Amino acid sequence: MNTLRQGFNYGVDLSFYIILGISIVFLVGLTTTMIYFVVKYNKKRHPKAKDVKEKASLEITWIAVPTILVLVMFYFGWAGYKPMRNVPDNAIPVKATGRMWSWSFEYDNGKTSPFLVIPVNFPVKLDLYSPDVLHSLFIPAFRIKEDVVPGVNNYMWFQSDEIGEYDILCAEYCGLQHANMLTKVKVVSMDNYKKWYNSTAAPEEGTASAGEAILTKHGCFSCHSRDGSKIVGPTLKNLWNSQQVVTTDGNKRTATVDKEYIVKSIYEPNADIPEGYQPNLMISYKGQISEKEIDEIIEYLKSLK
């Protein structure tokens, strides 16, 4: 097993087993002592209560022992945590974005993916970013978890010694679809990683597939279905050129879903609230999605009949 991977697993697992072991010892010890006292000092045997005199050695013991145990747990916890913050110089940088309610990963050549694709036996650094609320990127197989906080620069790194797929979860409650905020780490050989990384195949501009790629990149399908089902936001099926009842400045009106409506919905999502949906669930994508990309999104919406 690779030393770095082994170090992460060993450090975290060792800390867990030490804390678990201490907890079990105290659980068994205290429960046994409690039962012993209940039996020995019950009212039938001791009808009249007696004061217990002070005993310095006992007081020193119950102060010293917990202090030592806490320091032991801290030491092993710190020893397991410290390597997680020391990123190797040759680590592959990837921007990991957590948004309600999906993950996306952007590489330094501009390539984006809903999955984290990495080469085996090579360190990867994730720069963590959230445009909306607090998330937490958790990869159980690698014993790593870090908060993804809006406005805060945070990072994590890891390395896999085995080719395969591993789960990525959000470990911080972030809203209605939190439980569905799942994706994968795909660990591949270095040759396959280079082929994937250098592949330039992309949807042709001005096509429905290009618009779909943009919506996927920004996690839009986490809130907007394509099959007519209702989730957090309105479905995209048959949306284009439809009539929508919306609330604007507290007043209801009927709006046509044209380019102006789509642009406003993306840049000012709380300006027109569709009937049956809640405000303040979508952030503004102004500066993140260009008007050219909106044209491609519209081409995609036209295809969803």
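The following questions and answers concern strands, a buried residue and internal cavities in a predicted model.

Student: Is strand β1 largely enclosed or largely open, and how many of its residues are buried?
Tutor: Strand β1 covers residues 92–99. A residue is counted as buried when its relative accessible area is under 20%. The strand is largely enclosed by the rest of the structure, because the number of buried residues among its eight is six.

Student: Which strand pairs with β1 in the parallel sense?
Tutor: Strands of a sheet pair through backbone hydrogen bonds, either parallel or antiparallel. Val-94 stands opposite Leu-126. The parallel pairing of β1 runs over six bridges, and the partner, residues 124–129, is β5.

Student: Which strand forms a hairpin with β1?
Tutor: An antiparallel pairing over six bridges joins β1 to residues 102–107. Within this pairing, Arg-99 stands opposite Ser-102. Two residues lie between the strands of the hairpin, and the partner of β1 is β2.

Student: What is the relative accessible area of His-135?
Tutor: His-135 lies in strand β6, residues 135–139. Leaving aside residues up to four places away in sequence, His-135 touches a set of residues including Trp-103, Glu-146, Cys-170, Cys-174 and Met-181. Burial requires a relative accessible area under 20%. His-135 is therefore buried, its value being 0%.

Student: What is the order of the strands in the open sheet that contains β11?
Tutor: The sheet has three strands, and the pairing is antiparallel. The edge strands, each pairing on one side only, are β12 (251–256) and β13 (272–274). The twist from one strand to the next averages 45°. With β11 between the two edge strands, the order is β12-β11-β13.

Student: Which residue of β12 is the bridge partner of Thr-247?
Tutor: Strand β11 comprises residues 243–248 and pairs with β12 in the antiparallel sense over six bridges. For Thr-247, the bridge partner in β12 is Lys-252.

Student: How much space lies in the largest cavity?
Tutor: Rolling a probe the size of a water molecule over the atoms shows where empty space is left. The model has two cavities of 30 Å³ or more. The largest of them holds about 670 Å³.

Student: Which element supplies the largest share of the lining of the largest cavity?
Tutor: The lining comprises 36 residues, and those closest to the centre of the cavity are His-224, Pro-234, Ser-265, Pro-269 and Met-282. At least two lining residues come from each of α5 (259–267), β13 and α6 (291–303). The largest share is five residues, and the element that gives them is α5.

Student: How many residues in the lining of the largest cavity are charged?
Tutor: The lining divides into three classes, with 23 nonpolar and nine polar residues. The remaining class, the charged residues, numbers four.

Student: How many polar residues line the second largest cavity?
Tutor: This cavity holds about 50 Å³ of space. Its lining consists of Met-84, Arg-85, Ile-144, Lys-145, Glu-146, Tyr-155, Met-156 and Trp-157. Five of these residues are nonpolar and three are charged, and the number of polar residues is none.

Student: Which elements give two or more residues to the lining of the second largest cavity?
Tutor: Among the lining residues are Ile-144, Lys-145 and Glu-146, together with Tyr-155, Met-156 and Trp-157. The elements concerned cover residues 144–148 and 154–158, and they are β7 and β8.

Conventions
Residues numbered from 1 in each chain as written. Predicted model: local features only at pLDDT ≥ 70, side-chain atom pairs only at ≥ 80, totals over all residues. Heavy atoms only, no water. Pairing = 2+ DSSP bridges. Helix = DSSP H or I, 4+ residues; strand = E, 2+ residues; numbered from the N terminus. Axes fitted to C-alpha atoms, helices over the stretch in contact; angles between N-to-C directions. Buried < 20%, exposed > 50% of the residue type's maximum accessible area, 1.4 Å probe, protein only. Contact = heavy atoms within 4.5 Å. 1 Å grid on protein atoms, 1.4 Å probe; cavity = no way out; pocket = protein on both sides within 12 Å on 5 of 7 lines; lining within 4 Å. Points joined across faces, edges and corners; volume = space filled by probe spheres on them. Nonpolar A, V, L, I, M, F, W, Y, C, P; charged D, E, K, R; others polar.
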